[in-house]
Amino acid sequence: MPWVKTEDCTGCGVCIDACPVGAISTEDTVAIVDNDACIRCGVCHDVCPNDAVRHDAERIPDEVESNLAWVRSLLEHDYYAGDREKQAGLMRRVERHFSKDMDVAKRTLEQLDTLT
């Protein structure tokens, strides 16, 4: 999904004018993408003169760190603190959680070609 790197956005409005579905607006003079309305056409990427409209693959390291921070916060909860057995159980459940997300993505990718 597209996102806007706020420090690179000048608020010129080129992407807003070019978006065929009106999924981009400005907030505090910076473009923002409504991902629910976005149809993933890529026009905003193509027209941005400052390369401020970015691809979500760039966010993978941040998302990984966010996931790890979430798991760390769970491990630090009083319920798990200092109890290796409870922590091990939590880690098994967290692994199943992320494995499920990975499986959903894999199965979706495998079936995309059936749509066209």
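Visitor: How do the axes of helix α3 and helix α4 cross, and within what distance do they come?
Guide: In this predicted model, the axes of α3 (residues 60–75) and α4 (residues 84–111) come within 11 Å and cross at roughly 155°. Angles over 145 degrees count as roughly antiparallel, and α3 and α4 are therefore roughly antiparallel to each other.

Visitor: Is the crossing of α3 and α4 left-handed or right-handed?
Guide: The crossing of these two helices is right-handed.

Visitor: Which residues make the contact?
Guide: From α3 the contact takes N67, W70, V71, L74 and L75, while α4 supplies Q87, L90, M91, V94, H97 and F98.

Visitor: And how do the residues of that contact divide into nonpolar, polar and charged?
Guide: Eight are nonpolar and three are polar, with no charged residue in the contact of α3 with α4.

Visitor: How many aromatic pairs are there?
Guide: The count comes to two aromatic pairs. In one of them, the rings of W70 and F98 have their centres 6.1 Å apart and their planes at 85°, so this pair is edge-to-face. The pair links distant parts of the chain, with W70 in helix α3 and F98 in helix α4, 28 residues apart.

Visitor: Turning to the strands, how many bridges join β2 to β3?
Guide: Four bridges join strand β2 (residues 24–27) to strand β3 (residues 30–33), and the two strands run antiparallel.

Visitor: Which residues in β3 stand opposite S25 and T26?
Guide: S25 stands opposite I32, and T26 stands opposite A31.

Visitor: What phi does D28 take in the hairpin?
Guide: D28 takes a positive phi near 55° in the hairpin of β2 and β3, which has two residues between the strands.

Notes:
Residues numbered from 1 in each chain as written. Predicted model: local features only at pLDDT ≥ 70, side-chain atom pairs only at ≥ 80, totals over all residues. Heavy atoms only, no water. Pairing = 2+ DSSP bridges. Axes fitted to C-alpha atoms, helices over the stretch in contact; angles between N-to-C directions. Parallel < 35°, antiparallel > 145°, perpendicular 65-115°, else oblique. Left-handed = near helix turned anticlockwise from the far one by under 90°. Contact = heavy atoms within 4.5 Å. Nonpolar A, V, L, I, M, F, W, Y, C, P; charged D, E, K, R; others polar. Phe/Tyr/Trp six-rings, centres within 6.5 Å; stacked < 30°, edge-to-face > 60°.
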